[in-house]
Number of protein chains: 4
Amino acid sequence: MIRVGILGATGYTGLEALEWLLRHPKVQIVAATSRQANGNMLSDAHPRLVGRLKLLLEDLTPELLNERCDVVFSCLPHGASAHRITQLLKLGCKVIDLSPDYRLSDAALYQSWYGEKHPEPMRLGNTPYGLPELFADQLHHTQLIANPGSYATSAILPLAPLLKEKLIDPDDVIVDSIGSWSTEGRLHKFSNLFCEASESITTLSIGSHRELPEMVDVLCRFAGSKPRISFTAHLVPAERGILSTLYVRSRSGVTPNQLRECLHTYFYQTSFVRIVSNLPSTRFVHRTNYVDISVRENGDRITLVCALDNLVKGAAGAAIQNMNYMFSLDPTLGLVP
Amino acid sequence: MIRVGILGATGYTGLEALEWLLRHPKVQIVAATSRQANGNMLSDAHPRLVGRLKLLLEDLTPELLNERCDVVFSCLPHGASAHRITQLLKLGCKVIDLSPDYRLSDAALYQSWYGEKHPEPMRLGNTPYGLPELFADQLHHTQLIANPGSYATSAILPLAPLLKEKLIDPDDVIVDSIGSWSTEGRLHKFSNLFCEASESITTLSIGSHRELPEMVDVLCRFAGSKPRISFTAHLVPAERGILSTLYVRSRSGVTPNQLRECLHTYFYQTSFVRIVSNLPSTRFVHRTNYVDISVRENGDRITLVCALDNLVKGAAGAAIQNMNYMFSLDPTLGLVP
Amino acid sequence: MIRVGILGATGYTGLEALEWLLRHPKVQIVAATSRQANGNMLSDAHPRLVGRLKLLLEDLTPELLNERCDVVFSCLPHGASAHRITQLLKLGCKVIDLSPDYRLSDAALYQSWYGEKHPEPMRLGNTPYGLPELFADQLHHTQLIANPGSYATSAILPLAPLLKEKLIDPDDVIVDSIGSWSTEGRLHKFSNLFCEASESITTLSIGSHRELPEMVDVLCRFAGSKPRISFTAHLVPAERGILSTLYVRSRSGVTPNQLRECLHTYFYQTSFVRIVSNLPSTRFVHRTNYVDISVRENGDRITLVCALDNLVKGAAGAAIQNMNYMFSLDPTLGLVP
Amino acid sequence: MIRVGILGATGYTGLEALEWLLRHPKVQIVAATSRQANGNMLSDAHPRLVGRLKLLLEDLTPELLNERCDVVFSCLPHGASAHRITQLLKLGCKVIDLSPDYRLSDAALYQSWYGEKHPEPMRLGNTPYGLPELFADQLHHTQLIANPGSYATSAILPLAPLLKEKLIDPDDVIVDSIGSWSTEGRLHKFSNLFCEASESITTLSIGSHRELPEMVDVLCRFAGSKPRISFTAHLVPAERGILSTLYVRSRSGVTPNQLRECLHTYFYQTSFVRIVSNLPSTRFVHRTNYVDISVRENGDRITLVCALDNLVKGAAGAAIQNMNYMFSLDPTLGLVP
């Protein structure tokens, strides 16, 4: 059994990880930390877990965590996550980081988007990016995996193969994402209140979302150069799910069918990407690790739509996929059917 | 007092028109028709109206309607609307058509998008398009006004001035709309059920929405030629509202500020368009006739966001604005504050 | 014109009052206060008001408020409200208090439920309770009116006539209310977050809601003695509305029809109570000042259902009704149609 | 492996059963029927199942079903279900009936509530009622189990022990249930539309719900005589979940704590009933087979609140529990963690 600990277990990502880990046949959940709720029962923070998981929320030292756990999932906020992970890595502990701290390739880029210095700049660019559909070979026997952002995942999965195969113009890409409120975390903000979010279709960010540099960075590896992306994120009255609409221009002569074929070829042997013929809905992937992608003509552009559950494929599900790779298990273990 | 009748009063647009007309100081509601609910009280179809409006749902002949009404709002489905309106116009009755039947400029275009012949092809191209912010001068003393579509309104208002002033490239326009379920009407479809629509972010149409030719047609008058638009519409779990995101490229040297200025100049003296500095939300225009527009840089493109209530500015509110013009009243009467 | 000021204008009740007052033909809104947002534009707190109401949020002294206003609506929290109102009353200012501070008949009762001493105990029991359907004669030319609670309103309106006429047993009454999230105010609590409230049917309080003593107090005046009420309040994923289900036992021989008749008789000449034959829904009273009540047999009990919009008839609408009485205007002015 | 078939697989209960059965380690899903969608892929009706379950929707004869399946789950509507099940039972097939057809004890009662004759009146009163927490000993090696209604489950579980132990008055019981829209099925009704159900707190039935006689019937076995229950059901804007509030009077001298103890004693050794100290929410049992119950004083009554997921513990989860008993498996198999 793999002994797993969760850092920052009181948020939405923490709860989601706990519920999936509970169902995983090779996992034992051995630690859950929280600075604020230290000393409480985990089921006080998450009444769903009453009678299902008896665990104390603790404020554990890195040493104790390392002793108890084979791998730690960090669900801490950015900054705090890297500081804690640095200590764990030194002790030899394996870590899957659900925060954005190890996703970018460059410390200067990190600082410009997150407003603070990265504690371990050398690791940026050397940490495997946990998208097994594209980087499976980098995830075996590694000590640290950067779990991808949910908006980034919804853009990278459809675009990476098309850029790699040079089927689309890397300088003319639009990503328009419709997200749900759990992408904003379990935070006290006026905008997060039910009475503000209900009946509200609103724009969250235009060109300024922190997962934009993440997309550009990762896609650069496929395109050969930085693609030019305009990225907008919206929020709508849903709890889970991201549906991203991608507007691309195919290279001259390339048909929508060829794009569809290309995606089929890339994802045929993976387990969670479905190239669908109907129009995707987050409902069809709700509480699953699946990603639905469709391709359609749209005037003189091609439009791809990609739907996923941000708490599963965009967070906890991907983390478990990554853990399965790290420990050389069947990559779908605990995630299907 | 203007005596107003509503054709097809049992749907969402019909109810919305009735509620706004009730508040209008110069209006008397004198007729409400329904083929199916003929003979019932209007308040049986709309329990909100109990004690507020005592009216029978009738299946009136054009002659009776014309006798009783100074103006008729048609909330019938396309096709049915034109057939009924043809008869009313012959009798001299004034009509505001909330269906799409008189919006397009060309009968062949109508037939290709709606799959049936138009009963009055000569009127296409000659019927004023009821967007007073752009066509106020055409709306006085006219007999028939084509009330704009709600998705079309959300795209045309921000784009028309920019195309007219040649500030943006007409061949590189994307309209990505997030709509609410009332845009789909009060129809029995599986997709409309609460349990399907809840927690569902889904794509409704890619390049195939019937308001696409409407946008192109109307914007052509400003751009001088048909703009090339990729149009996608999504549906999210909200009852009212449309938020459209427009991706445009400004002509070389043109700044976002110049676009903003241009919109200010065009809409400064109108009553319902607000160029806002915050990011728009449908919540801020919910159950009002206002339209909020913002302009932002987004990579090498400029992104405009436009929010409105599809049942008000996208339907009943616009219809009342148009009626006010038709009868030479203050254009904001019954719609503010 | 009546010059109205709003204390605590940044909450949901404040916004609702502002929107209704804007539509009131005899009102001019002249002041809006906020301690925290002091100095901001009112439309920064409520973007719905952009272009509709230009007013600064101020932290005004009682003297300045009294100078500027004919009447002040207090939307402050309990405690803070009474302290501010005490000062205003001394200056001669008229006040409608939307907080619970002047609703109870007794200072000891207030202290036991609100945990603090009341600053003006003599006023408890002497302040008119602003439910015009029952106490219209007490509301003329008064200086202070206690605006009723929304849960209390939904229970008192159906029960008062039945208790007065001794048609039901006062010792066997259950009030089971299903409320929406705006009844909890615009407060930062974890439970208020969209991701907690969505897909959550939950119980808010059992026998411990602060509007329970208010119901008992007011109904005592009709029953002759304190009725014995079990009161439960629930919260469901809606923004507005309360639907209360009342379980009563009719006195021997009394039929449901007699209860219905009694309610008809009491409310026939009032403007906002509708005794309906269909089963009520908050949807039918949403954003109106109406109250829908139905009466049905249910085993050996009789069940009454009462639906209202907590922000309108349960707060701002009732306040405007009360203001109309205070200033001898038509009681429905600004509230219909 | 148990070979399972689903009758009426296109509805909400059918989908829920399919998803839980997919996760069950001892089950193979071998048939899914639909009269209307006969010939389509199951994943066309439920796009969630794309890539997870490849099965054709068929209109199978009882003979073919019996050949292929060890047990059949019937998710057909009442009436249709009994007719189909009669044939299957004759062939020796095991059946779990999720319809209400075999729940009542008496054919006359069935006819008076369902308006039609029961095809197998002798089976009424002799079919085990599939609530393992109360009737586990009757569920082994049986051929047919009547799966309980979801509203009935939420009332019976808390009340049965208290009535059995004579701790409460059987003649003074109120059940007030707040349900979600999936309790109404995947049916075309106007009331089911998103735009009707959103922002609507409404009453579904007062004293006339078909699960009322089911509650009375089953509880009669515990109370010794028919308890007198007033039952009201409401609908609120949620997809899943039922929260029922039960108002009871304890026998003289009996404290709330004694009721709590009694429930503890009865359910201590079962797996899915949690007697909780916090106030229940459907959110805490959402998509699980758990039932949360709390006990509180409420004036001179005691109030119990019971929350469950109507599609799981109220339908598919209970059916799997029942199947586990039928086949002598661990009762929690496929349902935890």
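**Entry 1: the cis prolines**

I began at A:Pro337, which lies in the segment after helix H11 (312–326) of chain A. I note at the outset that the model I am reading is a predicted one. The peptide bond that joins A:Val336 and A:Pro337 is cis, with omega at about 0 degrees. I then turned to chain D, where a cis peptide bond joins D:Val336 and D:Pro337, and omega is about 0 degrees there. For the location of D:Pro337 I found the segment after helix H11 (312–326) of chain D.

**Entry 2: positive phi values**

Next I looked up backbone torsions. In the segment after helix H11 (312–326) of chain C I stopped at C:Ser328, which is not a glycine and yet has a positive phi of about 55 degrees. Its relative accessible area is 44%, so I recorded C:Ser328 as partly exposed. In chain A, the loop between strand S11 (273–275) and strand S12 (291–298) holds A:Arg287, another residue that is not glycine, with a positive phi near 60 degrees. I also noted B:Gly92, which follows helix H4 of chain B and has a positive phi near 95 degrees.

**Entry 3: helix H4 of chain B**

Since B:Gly92 had led me to H4(B), I asked which residues in this helix, spanning residues 80–90, are buried. I listed B:Ser81, B:Ala82, B:Arg84, B:Ile85, B:Thr86, B:Leu88 and B:Leu89 as buried. What do the buried residues of H4(B) pack against? Their partners in chain B are strand S1 (2–7), helix H3 (62–68), strand S4 (71–74), strand S5 (94–97) and strand S6 (144–146).

**Entry 4: a helix pair in chains B and D**

Two packed helices are described by the angle between their axes and the distance between the axes. I therefore looked up both values for helix H7 (residues 150–164) and helix H10 (residues 256–267) of chain B, whose axes come within 9 Å and cross at roughly 105 degrees. An angle from 65 to 115 degrees counts as roughly perpendicular, and H7(B) and H10(B) are therefore roughly perpendicular to each other. From H7(B) the contact takes B:Leu157, B:Pro158, B:Pro161, B:Leu162 and B:Lys164, and from H10(B) it takes B:Leu259, B:Cys262, B:Leu263, B:Tyr266 and B:Phe267. Sorting the residues of this contact, I have nine nonpolar, no polar and one charged.

I repeated the look-up in chain D, where the axes of helix H7 (residues 150–164) and helix H10 (residues 256–267) come within 9 Å, with a crossing angle of roughly 105 degrees. H7(D) is thus roughly perpendicular to H10(D). Here D:Leu157, D:Pro158, D:Pro161, D:Leu162 and D:Lys164 of H7(D) meet D:Leu259, D:Cys262, D:Leu263, D:Tyr266 and D:Phe267 of H10(D). The contact of H7(D) with H10(D) divides into nine nonpolar residues, no polar residues and one charged residue.

**Entry 5: cysteines**

How many disulfides are there over all chains? The count comes to zero, with a pair of cysteine sulfur atoms within 2.5 Å as the criterion. To follow this up, I looked at two cysteines. For C:Cys69 the closest cysteine sulfur is in C:Cys93, 6.0 Å away, which is too far for a bond. C:Cys69 counts as buried, at 4% relative accessibility. For A:Cys262 the closest cysteine sulfur belongs to A:Cys306 and lies 14 Å away, again too far for a bond. A:Cys262 is buried as well, with a relative accessible area of 9%.

**Entry 6: A:Met41**

I found A:Met41 in the loop between strand S2 (27–33) and helix H2 (42–45) of chain A. Is A:Met41 buried or partly exposed? At 28% relative accessibility, I put A:Met41 down as partly exposed. Setting aside neighbours within four places in sequence, A:Met41 is in contact with A:Lys54, A:Leu55, A:Leu56 and A:Leu57. I also took the separation between the C-alpha atoms of A:Met41 and A:Asp300, which is 57 Å for 259 residues along the chain.

**Entry 7: how the copies are related**

Finally I turned to the superpositions. A turn of 180 degrees, with a shift of 0.0 Å along the axis, lays chain C on chain A with an RMSD of 0.0 Å. These two copies are thus related as by a two-fold rotation axis. Both copies use the same surface, as 100% of the contact residues of chain C recur in chain A.

Chain A can be laid on chain B with an RMSD of 0.0 Å, by a turn of 180 degrees and a shift of 0.0 Å along the axis. The C-alpha of chain A nearest this axis is that of A:Pro237, 3.0 Å from it. Of the interface residues of chain A, 100% are also interface residues in chain B, so these copies meet through the same surface.

Notes. Residues numbered from 1 in each chain as written. Chains lettered and ligands numbered in written order. Predicted model: local features only at pLDDT ≥ 70, side-chain atom pairs only at ≥ 80, totals over all residues. Heavy atoms only, no water. Axes fitted to C-alpha atoms, helices over the stretch in contact; angles between N-to-C directions. Helix = DSSP H or I, 4+ residues; strand = E, 2+ residues; numbered from the N terminus. Parallel < 35°, antiparallel > 145°, perpendicular 65-115°, else oblique. Contact = heavy atoms within 4.5 Å. Nonpolar A, V, L, I, M, F, W, Y, C, P; charged D, E, K, R; others polar. Buried < 20%, exposed > 50% of the residue type's maximum accessible area, 1.4 Å probe, protein only. Least-squares fit on C-alpha atoms with pLDDT ≥ 70 in both.
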